[in-house]
Every structure is written in C-alpha cells, then in structure tokens.
There are 2 protein chains.
Amino acid sequence: MHSPKRVLFLDLVLSLFRLNGLLIAEGDAMTEKLGLTHARWKVIGAIALSSSGLTVPGIARVLGQSRQAVQRITDVMLEDGLVHYVPNPKHKRSMLVTLSDEGKDIYNQLREVQDPWAIETTEDIPIEELESGLRLVRRLIKKFN
Amino acid sequence: MHSPKRVLFLDLVLSLFRLNGLLIAEGDAMTEKLGLTHARWKVIGAIALSSSGLTVPGIARVLGQSRQAVQRITDVMLEDGLVHYVPNPKHKRSMLVTLSDEGKDIYNQLREVQDPWAIETTEDIPIEELESGLRLVRRLIKKFN
DNA sequence: GCGTAAATGACAACATGCTGGCATAAGTAA
DNA sequence: TTACTTATGCCAGCATGTTGTCATTTACGC
C-alpha cells in the first residue's frame, strides 16, 4: 500500500527531530549569558508555565524525558539555589519543585530575551497556523501517551 | 506587550519538546527487536530518505545534531557492518555514508513495523492538516538555520 | 480494609550529545 | 594564483539522557 500520508508523516517526523535540535540551539544561544543549559531552562520553563506545582516525574512527563534525568538536573539546581523542594500535600515523598527567588530572577531575565525572540519568530506567521499546528502536535502527543 | 502569539508559540515549543521525546520512545519500541537504538535508526532513516548520498555533516544537519555525535554513531555502525563509506566525488575526505546490504535489510525490517505505525497514526488526521503542519515546521526550521 | 499494581526516589552503568581544539580540504574573493 | 574563510575529520573532556534495579509510597480494584 502506497499511502501518501505515510511518506508525508515520516517527513514530518524527521523535520520535527531537526526542529527540536534547532530549538535547543536557539535556547542555548539565548541563555548563554545567564549561565543556563538547555537541561536547565527546559526545567525552569516547565515549572514557570505550570499553574499548579510540578513534581519531578511531572516535569519529566511534560518534557518527554525520563524522571531520572530530570531528578539529576533538579538536584543540582537545588544545590545551586535555583529551585526549592516544597512539601506536596498529595504525596509524602514526592516533593513539588518550585522556583526560588534566584530562580524567578533568572526566569525573568530569560523572558527578557525569550519574549522578543518569540514575537519576532512568529511575526510573519498567522495565529491560525500556530493554533492548528499546536492542535496537531497535541493530537500526536495524545496518541503516544 | 501581551502578545497572544507569544504564549501560543512558547506552548508550541514546549509541546514540541514533549512530542520529540515521545517519538523517540515510539521508535525505540518499534525497533527493539531489530537491535537498533534511536541514534541508529535516525541515521538509517535519514540516509534512506535522502535521494542522493549524505555525508556525516549532512546527516547531522538533517537531524539537527552536531556532526561529532553523528560521526561517532556512523563509525560504530561501520564496524557493525550497517553502513559503508563510499568516496565522495565532490570532496576528497568527506565520504558518503550509504547503507550496506545488511543495513538495507534492517531498514526493510524497520519499514515493516514503521509503515503500519505511520498509517495507523495518521488514520484519523486529514492529509491537509499534516501538510500544513509540515509547512509550519519547515518554515520554523528555515528561520533557525 | 486487603492485596496488587503503579508511582516515586535513589543509585549505578552505559549510551548519546555537545564543546573545544587542531590539522587538512574545499570554497571564495582579490 | 594567493589569501582568507568555511567545512570536515579526529580527538578529548564533559554534560545529559536512558535503562535497570530496589525499596518505599500511593492508587486502585475487590
């Protein structure tokens, strides 16, 4: 069966891998002066975008990574004073990871470069295209969860 | 400035990170019996999808990775007999990476599970959505290149 | 409640990816 | 051609990510 969708989808997947790498490079370039690595700004971003608190496995799920990888990063970020572990009313052992004052400060500095970047990048892209793109991505995420 | 596009775009980026991780997990699950890792099937897929040959830096560009990372993987794949390095008429040192017979055989086995997966995954997604999604991804790639 | 399955933290071994540096090859402009 | 810039292979050091394992906690079906 020669499904045209098949080739199209595989092309999309390969392009997503490439875009993923480019986005990480963009973020690293942006945060170079802040002393952040992509492992760190991803965690900071995930925490900042979540309304309620996030546990380590929760961050891992949002980022599509293993909980062990996130645990190691947050442990180091705790030592560096970027995050706090606060008690989780819903779980005795699994603490909530929150940004410390220093972490929030760095997040604000991050936004000072990230916001213009986001606006500039999407300048010539209609909001409808971004919305339909996000819908497609979420649809795929749901399939693989 | 409270650009709605900004939040939308950042949400998209975070979702792309997550989808990237899920896609790798999907691929790893599919290729488990073939003895492939994601580093390897990405390289095999990139070579197979390219009409003309690819050099190591070329593969790296397609995958959005560093050339050194790809070089290490292809070197091991050469030892394992999955690829050949063939002379590149356009460059004295930079060889073209091609699939060996064994590599092609594994790629065919890969397609036996990948094709149904791709078709099944896109079953309920209109081709127009896939096309517009791919256009958006390519547009973003071009911006960051 | 009870018992089992799932989730979580902790640790270790290993695979993968990146940066930096250096030498050589290729491309480019004068 | 020459000089300069870029691309490439190779190496080393380090950061990141995954898998596997075990003990403990939580969730869930009965």
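Two strands count as paired if DSSP finds at least two bridges between them. With that in hand, the exercises below work through a predicted model, in which, for instance, Val86(B) stands opposite Leu96(B) in strand 3 of chain B.

**Exercise 1. The sheet of chain B**

Work out in what order the strands of the sheet in chain B lie, and which of them are edge strands.

Solution. Begin with the pairing of strand 2 and strand 3 of chain B, which run antiparallel and are joined by 5 bridges. Two of the facing pairs can be looked up in the structure: Val83(B) stands opposite Leu99(B), and Val86(B) stands opposite Leu96(B). Next, follow the chain between these two strands, where 2 residues lie between them and a hairpin is formed. Finally, place the remaining strand: the sheet is open, has 3 strands in the order 1-3-2, and its pairing is antiparallel. The edge strands are therefore strand 1 (54-55) and strand 2 (83-88) of chain B, because each pairs on one side only.

**Exercise 2. The elements of chain A**

Describe how many helices and strands chain A has, in what order they run, and how strand 3 of chain A pairs.

Solution. Start with the count, which is 6 helices and 3 strands in chain A. Read from the N terminus on, these elements follow one another as α-α-β-α-α-β-β-α-α. Then turn to strand 3 of chain A, which pairs in the antiparallel sense with strand 1 (residues 54-55) over 2 bridges and, also in the antiparallel sense, with strand 2 (residues 83-88) over 5 bridges. Leu96(A) is a useful residue to find here, since it is the bridge partner of Thr55(A), while Val86(A) stands opposite Leu96(A) as well. The link from strand 2 to strand 3 of chain A is a hairpin through 2 residues. To complete the description, the C-alpha trace of chain A spans about 55 × 35 × 25 Å along its principal axes, and 33% of its 145 residues count as buried.

**Exercise 3. Helix 2 of chain B**

Check what span helix 2 of chain B should have, and find which of its residues are buried.

Solution. Helix 2 of chain B has 12 residues, and at 1.5 Å a residue, counting one less than the number of residues, it should span 16 Å. The C-alpha atoms at its ends are 16 Å apart, which agrees with the expected value. For burial, the criterion is that 20 or more other C-beta atoms lie within 10 Å of the residue's own. In this helix the buried residues include Arg40(B), Trp41(B), Lys42(B) and Val43(B), and Ile44(B), Gly45(B), Ala46(B) and Ile47(B) are buried too.

**Exercise 4. How the two chains meet**

Determine how many residues each chain gives to the contact, and how the two copies are related.

Solution. The contact takes 50 residues from chain B and 50 residues from chain A. On the side of chain B that touches chain A, helix 1 of chain B gives the most, with 20 residues. By class, that side divides into 27 nonpolar, 11 polar and 12 charged residues. Of the interface residues of chain B, 100% are also interface residues in chain A, so the copies meet through the same surface. Now superpose the copies: chain B falls on chain A by a rotation of 180° with 0.0 Å of shift along its axis, and the RMSD is 0.0 Å. The two copies are thus related as by a two-fold rotation axis. In chain B, the C-alpha nearest that axis belongs to Gly133(B), at 2.7 Å.

**Exercise 5. The surfaces near the DNA**

Find which residues come nearest DNA strand D and which are the closest to DNA strand C.

Solution. Around DNA strand D there are 23 residues, of which Thr37(A), Ser66(A), Lys92(A), Pro57(B) and Ser94(B) come nearest. The elements that give two or more residues to this surface include helix 2 (38-49) of chain A and helix 1 (4-31) of chain B. By class, the surface near DNA strand D has 6 nonpolar, 10 polar and 7 charged residues.

Then take DNA strand C, which 22 residues surround, with Pro57(A), Ser94(A), Thr37(B), Ser66(B) and Lys92(B) as the closest. Among the elements that each supply at least two residues here are helix 3 (56-63) of chain A and helix 2 of chain B. The classes on this surface are 6 nonpolar, 9 polar and 7 charged.

Conventions. Residues numbered from 1 in each chain as written. Chains lettered and ligands numbered in written order. Predicted model: local features only at pLDDT ≥ 70, side-chain atom pairs only at ≥ 80, totals over all residues. Near = placed C-beta within 6 Å. Helix = DSSP H or I, 4+ residues; strand = E, 2+ residues; numbered from the N terminus. Nonpolar A, V, L, I, M, F, W, Y, C, P; charged D, E, K, R; others polar. Contact = placed C-beta atoms within 7 Å. Least-squares fit on C-alpha atoms with pLDDT ≥ 70 in both. Buried ≥ 20, exposed ≤ 12 C-beta atoms within 10 Å, placed from the backbone.
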